[in-house]
Amino acid sequence: MLTANELQAVVAEGRTITQATPGDPALGDLTLLPGTWANADNLVGHGWNMIALPYKEPGKVVNPDTPDQKSDFRLLLNQFNETLTFSLVDKGVPNRGAAVAKVFDRDQHLAALQYIQNIVQIAAIDSPQTPDTADTPKESATIHHEPGLFLHLFSQTDGGPDIARLATIPHGDAVLALGSGVVVNGPPNFDNIGDFSPLPLGVDADVENNPYLAPYKQFKHSPFKNLFDPTNPLALLKAAVQGVNIKQTTVLTFDTSLATGGINNIPFVTKQANASRMRAVFWIEELSDPDAQGNPQFMLQYAQRVLLDFFPIGVGLIKWPHISINTMKLTARPTN
């Protein structure tokens, strides 16, 4: 949150749209994000994604003695490279409140940091395999494009979330996730981020003994690219910072289940594989050692879980986690 003097200065300046710069107090815990983050140098190929999709395998008959197995699914794994750019900032955006005489500010003011996320697949595999179909995984393909905003809520939060993420996805999804940020000394703690279980909710999660989860078991014992185990996706985030000296970490947590957050989808998405909840954690890491020119170095890691609801079970639907993780470096700061 801004101090009283910083808030008054932003309000007095009025609404402005400018190039975002790191260190701007109006960005709060988002202040290190401006610039371009990418899978560059030793971090090429550090993006990983897993998603279960409705799929009817030709010629396969579901066992009628197991009524929970209403349909089949395929598990798709992707390795990718990403570019995530934070550029313009819209500062002093007013949300009008009830004006009261002689009270400095009954409005809410915020800063909106614009971003664009582009993800290109560099390898993929699925199980069951989908050979010679439109769904056959391709080695190189654009698989995600997302324009959006990160918000820093300056005031009038009533002790609730003070950051938010607005995301629009071309599949037909609009996301509002709210949360908060915290700065900690040293590296991230990946074991203290809440529920990121990668296994479907609503079925027996015993990967070793439940035949319904055979695709998960397959990749658990034979990780994709000998690296990515979809039953333990956070392991690769931990591995990426082993031996890296991290001075300080800013942790940003967003969740659509907080306050007024949520996801709205077009009718087809809602019917076929409804995206019902998203939770994401970003770690902005300042390294202890500067680069060759003496400039600070930064890394950005994230873990994101979207729950997709499809296939009836009991009185509800199975919730299938769609998990994405990545480790990137700061490759460019904005220039005026």
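Select Gly 314 to begin: at 75% relative accessibility, this residue counts as exposed, where exposed means over 50% relative accessible area, buried under 20% and partly exposed in between, with a 1.4 Å probe and protein chains only. Gly 314 is found in the loop between E12 and E13, helices (H or I, at least four residues) and strands (E, at least two) being DSSP runs numbered from the N terminus. Add Val 203 to the selection: its C-alpha atom is separated by 9.9 Å from that of Gly 314, although the two positions lie 111 residues apart along the chain.

Before going on, note that this is a predicted model, in which local features need pLDDT of at least 70 and side-chain atom pairs count only at pLDDT 80 or more, while totals for chains, interfaces and linings use all residues. Residues are numbered from 1 along each chain as its sequence is written, and side-chain values use heavy atoms, with hydrogens and water left out.

Next, select Trp 320, which is buried, with a relative accessible area of 0%. Leaving out residues up to four places away in sequence, Trp 320 touches Ala 52, Phe 73, Pro 200, Tyr 212, Tyr 216, Val 306, Leu 307, Leu 308, Phe 310 and Phe 311, contact meaning heavy atoms within 4.5 Å.

Now show the aromatic rings. A search of the whole structure finds 17 aromatic pairs; rings of Phe, Tyr and Trp (its six-membered ring) pair if their centres lie within 6.5 Å, and planes under 30 degrees apart count as stacked, over 60 as edge-to-face and the rest as tilted. The pair of Tyr 212 and Trp 320 is tilted, because the ring centres are 6.2 Å apart and the planes stand at 55°. This pair links distant parts of the chain, with Tyr 212 in the loop between strand E8 (173–185) and H2, and Trp 320 in strand E13 (residues 316–332), 108 residues apart. Tyr 212 is itself buried, with a relative accessible area of 8%. Extend the selection to Phe 73, Tyr 216, Phe 310 and Phe 311, which form one aromatic cluster with Tyr 212 and Trp 320.

From Tyr 216, move to helix H2 (214–221), whose buried residues are Pro 215, Tyr 216 and Phe 219. Looking down the axis of H2, one finds these buried residues within an arc of 100°, so they line one face of the helix; the arc is that of the directions from the helix axis to the C-beta atoms. Among the elements that cover them are strand E3 (47–54), strand E4 (73–95), E5 and E13.

Widen the view to the largest nonpolar core, whose 81 residues include Leu 33, Trp 37, Leu 113, Phe 150, Tyr 216, Trp 320 and Ile 325 as the members that touch the most others. Such a core is a set of buried Ala, Val, Leu, Ile, Met, Phe, Trp, Tyr and Cys residues joined through side-chain atoms within 4.5 Å. Strand E12 (residues 298–313) supplies the largest share of this core, 10 residues.

Finish with the backbone. Select Ser 127 and Pro 128, which are joined by a cis peptide bond with omega of about -5°; Pro 128 has its place in the loop between strand E5 (108–127) and strand E6 (141–153). Then go to Asn 226, which has a positive phi of about 60° although it is not a glycine, and which is exposed, with a relative accessible area of 72%.
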